[in-house]
Amino acid sequence: MTIKERLKALRVAMKSEGVDALIIPANDPHQSEYVAEHWKVRTYFSGFTGSAGLLVVLADYAALWTDSRYFLQAESELEGTGITLHKQKVQHAPEHVEWLCNTLPERATIGVEASLFSVQQIAYLKSHCSLKDIVIKDVERISSKVWENRPPLPDTIAYDYDVFYNGKPREEKLSQVRAEMKKRKVEHYFISGLDEIAWLLNIRAWDIDHTPVVLSYLLVSEEKATLFIRDYKVPEELKRKLKASGVSLKDYHAVGTALSVLPAKDTIFVDKNNFSWSFEPSLKADLIKGTSIIMPIMAIKNETEITHFRSVMVKDGIALTHFFNWLEKTVENRDLKETEVADKLIYFRSQQDLYKGESFPPIVGYQSNGAIVHYRAEEKTCATIKNEGMLLIDSGGQYLDGTTDITRTICFGTPTAQQKTHYTLVLKGNIALQTAHFPKGTTGVQLDVLARMNLWNAGLNYGHGTGHGVGFFLRVHEPPQGFAESTTTLRGSSPLKAGTVSSNEPGFYKTGAYGIRIENLMLCIPSPINKDFLAFDAITLFPIETELIDLSLMSKEEIAWLNQYHQRVYAALSPSLEGEEKAWLWNKCQAVGVE
């Protein structure tokens, strides 16, 4: 069926359910950012493939809300579907709620699939809709009535993640979580977040592309823990290890029943941001809603993880050296499709020890495609890269010993003065954030301005956050910390803490022409200038393109930082290289601005 045909069938199902509007989010029942094929409901009914965005369907109108990272992509993918793009002013803000309340008549009915909405989202929706007596109705599985040949649930097999890499046994992590439960005076803690379960139990699988998690729920009680997972997904040896750690198994689909029989006298703590509304009505136990106990613990990497993070950056830098040397050499002789370049990048990473896959689909954006922030090249429609013009490549790897995420922008041929100016302003923002010293307790929104101020002074800006937390062989976008313009997101409102790893990725995008982004991962460390301050250490190890820099716009301090960074890069990567790759790296790491 075409998108229009799917929407027509969906409207028939809506009418039979008595709903005037249907909200279709992009997430799964665990509020995951990336989801398995089974839960790509919004994509099925809209054709829009971006990771962020929400579809609203009315009897005579359909609209998709997404943020500026996806405006160009959404305009292209929604063409001919009859779906109207609503451009979000603030990333992740629930702007569709106000629109619905203004559009629908009094006592209208909004349908939602309860499992796909958190109790926090429903509470927000109800608080706004109550002014017009609008009803929120659960229409669970309405999408399955229309979705022909819907993919099954993911079925990869879980495995034990060795403490050699993660540095802390599951028993110790469980004790840490139970200590926090005791402080909050709760008997049970229900965990929906797939990455949190993977971290806590030291298990991994590949139920979601690019993210090594397993489809499951976890109930941690004072004396025991129950993992809700389909039995065949857990090998016998892992079952024995989990049992020895006090973790028993129940079927994934039994979770609702298990929660409903908890005694009314008990208290159960949940993260209001990912606890599904579908569980709430049947609960007898006293429900305590808060924010994740695990998330802030998981974000602070232990010494073992930090050691591995540093070593994995060397491997990733070596793979990228092979790749960029190949790219520059090849494009001199022939044109390249963006998809071929993406495949070759994956190939060079795959040659590194302990590589398990990419941490997200590679973004290879040539010329105007680089201005599409989360662009993904497709074989039939991608651009052909020639030996001229700008190329943006954003990619990352999943290794057993860490997760990487890096963006570099290069130019084939001679860059224009404007391109050099834009690139240099982005680089200055990257360095300004990288070299900041700041008091403990400082939040991401307070530091975000450092990355933007040089662009702002030129009347320029970019429409995405400046950085996000990064997991350890888990989610490449890991809460809570990061850098954002608004406190409406965790990234903006969360204090930076020593031991966290975050990306630093300011950019500039000239629609129809080119995109520029420079991204390194940074470890938050104690500041050497004041014990009550923090700072950052750049752990990504790969050259920043100097041919695009207008040195007249750079300060002496910025040039000094760049040269010192390139010295570190060469010292770290060169022992593992030889021949033309080593020579390529030497050339890329040469000092600039030195007479």
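Reading helices, contacts and salt bridges in a predicted model

Mentor: Ile 306 sits in helix α12, which covers residues 303-331. Keep in mind that this is a predicted model.

Trainee: Is Ile 306 buried or exposed?

Mentor: Burial is read from relative accessible area, and buried means under 20%. Ile 306 has a relative accessibility of 12%, so the residue counts as buried.

Trainee: Which residues is Ile 306 in contact with, leaving aside its neighbours within four places in sequence?

Mentor: With those neighbours set aside, the contacts of Ile 306 are Lys 301 and Leu 523. As for distance across the chain, Ile 306 and Ile 24 are 282 residues apart in sequence, and their C-alpha atoms are separated by 39 Å.

Trainee: How far apart are the C-alpha atoms of Gly 111 and Asp 138?

Mentor: They are separated by 5.9 Å, with the two positions 27 residues apart along the chain. Gly 111 belongs to strand β5, residues 109-112, and is buried at a relative accessible area of 0%. Not counting residues up to four places away in sequence, Gly 111 touches Val 19, Ala 21, Leu 22, Ile 23, Lys 137 and Val 139.

Trainee: Where is His 96 found, and what does it touch beyond its neighbours within four places in sequence?

Mentor: His 96 is part of helix α4, residues 95-103. Its contacts, with those neighbours left aside, are Ile 23, Leu 54, Val 56 and Trp 65. At 10% relative accessibility, His 96 is classed as buried.

Trainee: Now a whole helix. What span does α7 reach from its first C-alpha to its last?

Mentor: The span is compared with what is expected at 1.5 Å a residue. Helix α7, residues 170-184, has 15 residues and reaches 21 Å, close to the expected 21 Å.

Trainee: Which residues of α7 are buried?

Mentor: The buried ones are Arg 170, Lys 173, Leu 174, Val 177 and Met 181. They cover an arc of only 100° around the axis, so they lie on the same side of α7. Lys 182 and Lys 183, on the other side of α7, are exposed. Just after the helix, Lys 185 has a positive phi of about 60°.

Trainee: What is the general idea behind a salt bridge?

Mentor: Side chains of opposite charge can pair when their charged atoms come close. A search of the whole structure gives 34 salt bridges. One of them joins the side chains of Arg 69 and Asp 67, at 2.8 Å from N to O. Arg 69 is buried at 7% relative accessible area, and Asp 67 is buried at 2%.

Trainee: What does the salt bridge of Lys 337 and Glu 379 tie together?

Mentor: The closest N and O atoms of Lys 337 and Glu 379 are 2.9 Å apart. Lys 337 lies in strand β15 and Glu 379 in the loop between β17 and β18, so the pair ties together parts that are 42 residues apart in sequence. Lys 337 is partly exposed at 31% relative accessibility, and Glu 379 is partly exposed at 48%.

Trainee: Are Arg 349 and Glu 358 buried or exposed?

Mentor: Arg 349 is buried at 0% relative accessibility, and Glu 358 is buried at 5%. Their side chains meet in a salt bridge of 2.9 Å, N to O. Elsewhere, salt bridges that share partners join Glu 17, Lys 137 and Lys 145 into one network.

Trainee: Which residues make the nonpolar surface patch of about 240 Å²?

Mentor: That patch is made by Val 449, Met 453 and Trp 456. Val 449 is found in helix α15, residues 444-457, and is partly exposed, with a relative accessible area of 31%.

Definitions and conventions
Residues are numbered from 1 along each chain as its sequence is written. This is a predicted model: local features need pLDDT of at least 70, side-chain atom pairs count only at pLDDT 80 or more; totals for chains, interfaces and linings use all residues. Side-chain values use heavy atoms; hydrogens and water are left out. Patches are made of residues with over 30% relative accessible area and no salt bridge: like charges are joined within 9 Å, nonpolar side chains (Val, Leu, Ile, Met, Phe, Trp, Tyr) within 5 Å. Accessible areas come from the Shrake-Rupley method with a 1.4 Å probe; for residues, only the protein chains shown count as cover. A salt bridge is a side-chain nitrogen of Lys or Arg within 4 Å of a carboxyl oxygen of Asp or Glu. Helices (H or I, at least four residues) and strands (E, at least two) are DSSP runs, numbered from the N terminus. Buried means under 20% relative accessible area, exposed over 50%, partly exposed in between (1.4 Å probe, protein chains only). The expected span of a helix is 1.5 Å times one less than its number of residues. The arc is that of the directions from the helix axis to the C-beta atoms. Contact means heavy atoms within 4.5 Å.
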